[in-house]
There are 2 protein chains.
Amino acid sequence: MRRVLQQTFSVPFQYQVLFTEGLFKEDNPLLARLLKGQNPAKVLFVIDDGVAAAHPYLQQQIEAYAAYHTDSFAFHAAQLLVPGGEEVKNNSKPLQAILDAVNRWGIDRHSYIICIGGGAVLDMAGFAAAVAHRGIRFVRVPTTVLAQNDSGVGVKNSINAFGKKNFLGTFAPPFAVINDSSFLTTLHERDWRAGIAEAIKVALIKDKAFFEQIEKDVPLLVARHMPAMEEQIYRCAQLHLEHIGHGGDPFEQGSSRPLDFGHWAAHKLEQLTNFRLRHGEAVAIGIALDVTYSYLQHMIPQADLLRILNLIRGLGFDLYVPELSSQEVLQGLREFQEHLGGRLTIMLLNEIGRGIEVHEMDAAKVTAAASMLKEFQETQMPA
Amino acid sequence: MRRVLQQTFSVPFQYQVLFTEGLFKEDNPLLARLLKGQNPAKVLFVIDDGVAAAHPYLQQQIEAYAAYHTDSFAFHAAQLLVPGGEEVKNNSKPLQAILDAVNRWGIDRHSYIICIGGGAVLDMAGFAAAVAHRGIRFVRVPTTVLAQNDSGVGVKNSINAFGKKNFLGTFAPPFAVINDSSFLTTLHERDWRAGIAEAIKVALIKDKAFFEQIEKDVPLLVARHMPAMEEQIYRCAQLHLEHIGHGGDPFEQGSSRPLDFGHWAAHKLEQLTNFRLRHGEAVAIGIALDVTYSYLQHMIPQADLLRILNLIRGLGFDLYVPELSSQEVLQGLREFQEHLGGRLTIMLLNEIGRGIEVHEMDAAKVTAAASMLKEFQETQMPA
C-alpha cells in the first residue's frame, strides 16, 4: 500500500414532531406554514385506503386545504391511494405507483411527499421517498397509536422481501412528523390498543414513572379517553426521539438495539401467525416472553413480573398465542441477529424502568417462559 | 397546534481511500487487514464482467486470496458477475441478483459487499448494498480512471428509471475505497482517457496548480505513463473528498452542486447519443460548453478559453458532437434542476481554478457556444 486518504464528516439532521387536531381544517395553519417557502411547493399525498374509508371526506378536505393555501401548494390534486396494512410492504406495486407519481408530477428533492396512514404504509412510502432522486422531503402523518407512538417518529423505512420483514430499507429522517389525534377517533378497538405495547416497552426499559402513569391510566385508556391517550403518545414519542437522537447510534451501525425490546419474538410471531396478530399485539406477547424469561433468570422478582403481566392483560392484550410454543420461535433469535448483523444482542429487564443487554438466551428457559405464559393466559390473573 | 418535539442529531461518517497495486496478490495484506475483525467476515464479491474478461485469472485469484486469509474471510466462493457499462443501471435484474445473493449467503449489516468494476457497476451494486438490511458495508474497488478519480470515492449510488439517469439512489458513504492501479493497465484507450475529464473539471473550479500539472503531464498521460496517471488520480480523488467532506453539504440537501460543473449538458448528451459517448467524454464536451459560455459572458478571457480547450483536445477528447447543436440540449437544464430540486444552480468559470455559480443561462448564448465548439472541432487549434 502506498498512500491513504482519510474522509471524515458529519451530517446534521433535524425534524419536528408536531401535535395537532384537525390537520386539514381550512383554518389550521400548521401544514401551510410547514411547507411555506420561496415558492409554492409541489406536494404528492399518499393515503392509506383504510384511512380514506374511515374518513370519507378526507380526500376532498385535503384538496380544499391545498386549494385554499395557494401560497404553500403549487397544485392540489396529486393524491395517491395505497392499500393499508402489512401487505403493502410485500409486493412492489404500491412502491412503483409512488415512483410513477413522482415522475409524473415532477416531484423533486425540494418537493414533498406527505403520507397519511398506518405504520406499514408509512414504511413503504418512506422507502419510495428516500430513494427517488436520492431523497424527497417526507412528511409522516401517522394515523394509528402504534405509528404515532413509535415507528412514525423514527428514522427508518422499509419493505419486505424474501419473506423477511424489513429486508429492504434505509435510514432517512423525515422532514417532519404530524400527529393528528382526530385520526385516532375512528380506530378499531384492536388498533386503539395495539400501539400501547410500544409505550409499555419503552417505559419498562427507560422510565419507571411513565410505566406507573400507564398503570394508573388503564381504565381511561380502555375507555378511549382521548387526553390520556394523547399524553401517552406524547411521552412515548418523546422517549423514542431521545433514544434515537442521544442514544449514540441513530443509524444503528452497532449491534445494540434497545428499542427492539420484546421484538425478536414479536417479528417471528407476526410471521408465524401470517399477520393475524397486529404488530403491537405481537410486541405485547414478545414483551411478556422476555419479561418472564428475565424472571426465570432471577433478574426481576415475581412481584414485578406479575405487575407487568397484569398491566399488559389489563389493557386487553393476550399474553400468549399457540404459535409461541412452536420451536420455530427460537429461529427468530437467529433472524434478529442476521438482520442486525454482528453479535446477538437482546434487551432484557433488570428492574422496571431499566433494561440490560445480554448476548445469549437459554433455549430451554425461553420454552419454559412460553409455557408459563400459556398458563397465565388460561388462568384468572390476580388483580 | 398544541405541542412540538424537536429532534436534532448528527451522524458521523468516515472511510479511507487506499491506494495499492495488485490487491489480490496473496502477500498483499491490505484487504485482509481491512476486513479483520473478531470473527472472519462474510464477503460477497460483485464483479464487472468486463473487468473479469480483461483479467482472466481475477476470479481464481480472489478465491485463492480469500482461501489463504481465513482469519479475514468466512468463506471464499461468493462471487457474482454482472454486466459492465451503463446498461447495468437500466433494468432491475442485476440489482435483484445481488439482493438474491445477499439473502442466499446470509450477508448481514456487519458483512461486506466488495464491488470490483467501473462506475456504473459500482453505482448499481452500491444501491443494492445501501438498501439491503438498510445498509451493508460496501467496499468499492473502482477499475476505471473515471471511477478512481471521482464517483468511486464519493457517497452516492444509483440506478436509472423512467429513462432518467440516477432517478433512484441514496447517499451512503462506503466502508472503504481501494484504488488498485493494476486494473488501469488493461483499459481501452477511450477509458484510460475519459476519466481525466473529471480531473480537468475539479482543477478548473478549485485548483489552478493542479490544472497546470495536468497541462504539463499531457504527453505522459497520452503515452499511458502510469506514475503520471496515479498522481492525477490521487490529486483528483483528494479534491473530490475535500469537497464532499468540507463543502458543507455532503448529502446535497441544498441546490448547489459545484462538482457537477459541465455535467448538466453531459448528462443530456449521454442520453441523446444513446450512451455512444462515455460519461467522461460527455463531461469533456460539457466542460467545453460551459467554459465557452463563460467566455461569451465575459467571465474569462479568450486566452484562458483557448488554453482550456487546447488541454481538452490535447488529451484526445472531442469538443463537439452533432447532438450538442440539438435544441433538446437545453432541456438538460430543466432536468438537472428537477433532479436536484430547488433553484437552478449552474457552476461556471470565473478564472482558471475558480468557479462561480449562476442561476440562469441565456439560451441563445448556449447555442452560440455550441456553434463555436463545432468550429473549434473542425479547425486545427493553435498550439
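Here are legends for a set of views of a predicted model with chains A and B.

**Figure 1. Chain A as a whole.** We start with the full chain, a predicted one like everything else here. Chain A carries 15 helices and 10 strands. Its radius of gyration is 21 Å, close to the 21 Å that the globule rule gives for 383 residues, so chain A is as compact as a globular protein of that length. If you're setting up a box, the C-alpha trace spans about 70 × 60 × 35 Å along its principal axes.

**Figure 2. Inside and outside of chain A.** How much of chain A is buried? Of its 383 residues, 60% count as buried. On the outside, the accessible surface comes to about 14,600 Å², and carbon and sulfur atoms account for 50% of that. As for contacts, take the pairs at least 6 apart in sequence: 77% of those join residues at least 24 apart. Charges get a look too, with 35 positive and 42 negative ones in chain A, and their mean positions sit 6 Å apart.

**Figure 3. How chains A and B are related.** Here's the pair. Rotate by 180°, with 0.0 Å of shift along the axis, and chain B lands on chain A with an RMSD of 0.0 Å. The two copies are thus related as by a two-fold rotation axis. Which residue of chain B comes closest to that axis? That's Val11(B), whose C-alpha is 2.7 Å away from the axis. As for the interface, 100% of the interface residues of chain B are also interface residues in chain A, so the copies meet through the same surface.

**Figure 4. Leu241(B) and its company from two chains.** Zoom in on helix α10 of chain B, residues 226-246, and you'll find Leu241(B) there. Is Leu241(B) buried or exposed? Its relative accessibility is 4%, and with the cut-off for buried set at under 20%, Leu241(B) counts as buried. Leaving aside neighbours within four places in sequence, Leu241(B) touches Leu5(A) and Gln7(A) from chain A, plus Tyr15(B), Val17(B) and Val153(B) from chain B. Take Val153(B) from that list: it is 88 residues from Leu241(B) in sequence, yet the C-alpha atoms are 7.0 Å apart.

**Figure 5. Arg224(A), a positive phi in a loop.** Arg224(A) isn't a glycine, but its phi is positive all the same, at about 55°. Where does Arg224(A) sit? Look in the loop of chain A between α9 (208-222) and α10 (226-246). With 27% relative accessibility, Arg224(A) counts as partly exposed.

**Figure 6. His298(B), a positive phi in chain B.** This view moves to the loop between α12 (279-296) and α13 (302-314) of chain B, where His298(B) is found. His298(B) has a positive phi of about 60°, and it's not a glycine either. Its relative accessibility is 73%; exposed starts at over 50%, so His298(B) counts as exposed.

**Figure 7. Gln79(A) on strand β3.** The last view stays with chain A, on strand β3 (residues 79-82), which includes Gln79(A). What does Gln79(A) touch, leaving aside its neighbours within four places in sequence? Its contacts are Phe45(A), Ile47(A), Gln59(A), Ile62(A) and Glu63(A). For a sense of scale, Ala369(A) is 290 residues from Gln79(A) in sequence and 48 Å from it in space, C-alpha to C-alpha.

Technical notes:
Residues are numbered from 1 along each chain as its sequence is written. Chains are lettered from A and ligands numbered from 1 in the order in which they are written. This is a predicted model: local features need pLDDT of at least 70, side-chain atom pairs count only at pLDDT 80 or more; totals for chains, interfaces and linings use all residues. Side-chain values use heavy atoms; hydrogens and water are left out. Helices (H or I, at least four residues) and strands (E, at least two) are DSSP runs, numbered from the N terminus. The radius of gyration is taken over C-alpha atoms; the globule rule is 2.2 Å times the number of residues to the power 0.38. Buried means under 20% relative accessible area, exposed over 50%, partly exposed in between (1.4 Å probe, protein chains only). Contact means heavy atoms within 4.5 Å. Accessible areas come from the Shrake-Rupley method with a 1.4 Å probe; for residues, only the protein chains shown count as cover. Lys and Arg count as positive and Asp and Glu as negative; His and the chain ends are not counted. The place of a charge is taken as NZ of Lys, CZ of Arg, CG of Asp or CD of Glu. Copies are superposed by least squares on the C-alpha atoms of residues with pLDDT of at least 70 in both.
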